Amino acid sequence: MRQNVKRFATTRLIRDSRERRVAPVKGTSNGSRCGYVFAYCMFKLEWSMAATNLSTSVTFRPPEFTLNCHIKPVVYLPAKRIPISISYATSSGSPEAASSSTTTKPEIELEFVGPKPDENGNFPMDKAKAVSGEKLLRNIMSENKIELYAAYGKVMNCGGGGSCGTCIVEILDGKDLLNERTNTELRYLKKKPESWRLACQTIVGNKENSGKVVVQRLPQWKK
């Protein structure tokens with residue numbers, strides 16, 4: 001009787017171990033390898049227990065390996081740059097800061113008188129302002145859209161290069177606020193009044209003075 005029980009237990013263990021090896025645990029590739037190892041260990045344990053004449057066999061079921069949990073990939077996003085504003089405290093009571101905040105560049109006021117009067121006998125007047133010593137008279141008139149050239153000069157002017165002599169103006173007031181006549185002016189205005197200037201050669205102011213300059217446009221048309 002004892003030998004029959006031992007033979008039956010041995011046959012059952014061999015059959016169970018073969019089934020475990022043929023049908024590994026489903027659900028994961030790593031589970032099959034773990035199932036083989038576990039089945040072999042259980043086979044050795046049950047064989048040793050059957051050899052000790054136990055009337056009842058004890059079977060162990062390998063654990064089932066499942067991968068129901070899905071590992072989500074980790075995405076590392078670049079950190080947002082937070083703008084940082086830095087304010088510098090300045091001593092408003094210092095004399096240097098007060099002088100720099102209140103110092104302004106001197107300006108020259110300009111009045112441009114038209115060459116011909118209107119129906120009421122009044123000459124047209126255009127006004128403009130410029131920082132002293134920074135611009136030529138021609139550029140100031142061009143920026144303020146004040147007519148400078150006659151019909152001939154509009155077509156044949158040199159664009160401010162000092163080679164045509166068509167940008168003629170007359171300084172009625174404020175002559176001391178302008179630069180002296182250049183060699184180009186002496187050549188083109190040799191036989192003209194001293195109050196006549198070329199706008200492309202006349203610098204308004206000297207960066208230090210300020211005041212008012214009255215300019216007569218197209219003095220050759222004046223009656």
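**Exercise 1. The surface as a whole**

How much area does the chain expose, and what percentage of it do carbon and sulfur atoms supply?

*Solution.* Keep in mind that this is a predicted model. Start with the total: the chain exposes about 16,600 Å². Next, take the share by atom type: carbon and sulfur atoms supply 54% of that area. Finally, turn to the residues that are covered: buried ones make up 30% of the 223 residues in the chain.

**Exercise 2. The order of elements**

Work out how many helices and strands the chain has, and in what pattern they follow one another.

*Solution.* Count first: there are six helices and five strands. Then walk along the sequence, and you will read α-α-α-β-β-α-α-β-α-β-β. To finish, look at the contacts between residues at least 6 apart in sequence: 65% of them join residues at least 24 apart.

**Exercise 3. Strand β5 and its partners**

Find the strands that β5 is joined to, and give the direction of each pairing.

*Solution.* Begin by locating β5, at residues 211–217. Five of its seven residues are buried, so by the cut-off of under 20% relative accessible area this strand is mostly covered.

Now take β1, residues 107–113: six bridges join β1 to β5, and the two run parallel. A handy marker for this pairing is Leu 110, which stands opposite Val 213.

Then take β3, residues 168–173: four bridges join β3 to β5, and here the strands run antiparallel. For a marker on this side, pick Val 169, whose bridge partner in β5 is Arg 217.

**Exercise 4. The nonpolar core**

Which residues of the largest nonpolar core touch the most other members?

*Solution.* The core holds 25 residues, and the ones to look for are Leu 110, Phe 112, Leu 137 and Val 213. Next, ask where the core comes from: β1, β2 (125–131), α4 (137–143), β3, β4 (196–198) and β5 each supply at least two of its residues.

Now zoom in on Phe 112. Leaving out residues up to four places away in sequence, its contacts include Leu 137, Met 141, Ile 146 and Val 215. Pro 124, Met 125 and Arg 217 are also among the residues that Phe 112 touches.

**Exercise 5. A nonpolar patch outside**

Is Tyr 152 buried or exposed?

*Solution.* First find Tyr 152 in helix α5, residues 151–156. Its relative accessible area is 58%, and exposed means over 50%, so Tyr 152 is exposed. Then see what surrounds this result: together with Val 155 and Met 156, Tyr 152 makes a nonpolar surface patch of about 370 Å².

Terms used:
Residues numbered from 1 in each chain as written. Predicted model: local features only at pLDDT ≥ 70, side-chain atom pairs only at ≥ 80, totals over all residues. Heavy atoms only, no water. Buried < 20%, exposed > 50% of the residue type's maximum accessible area, 1.4 Å probe, protein only. Pairing = 2+ DSSP bridges. Core = buried A, V, L, I, M, F, W, Y, C linked by side-chain atoms within 4.5 Å. Contact = heavy atoms within 4.5 Å. Areas by Shrake-Rupley, 256 points an atom, 1.4 Å probe, with all protein chains shown as cover. Patch = residues over 30% accessible without salt bridge, like charges linked within 9 Å, V, L, I, M, F, W, Y side chains within 5 Å. Salt bridge = Lys/Arg side-chain N within 4 Å of Asp/Glu carboxyl O.
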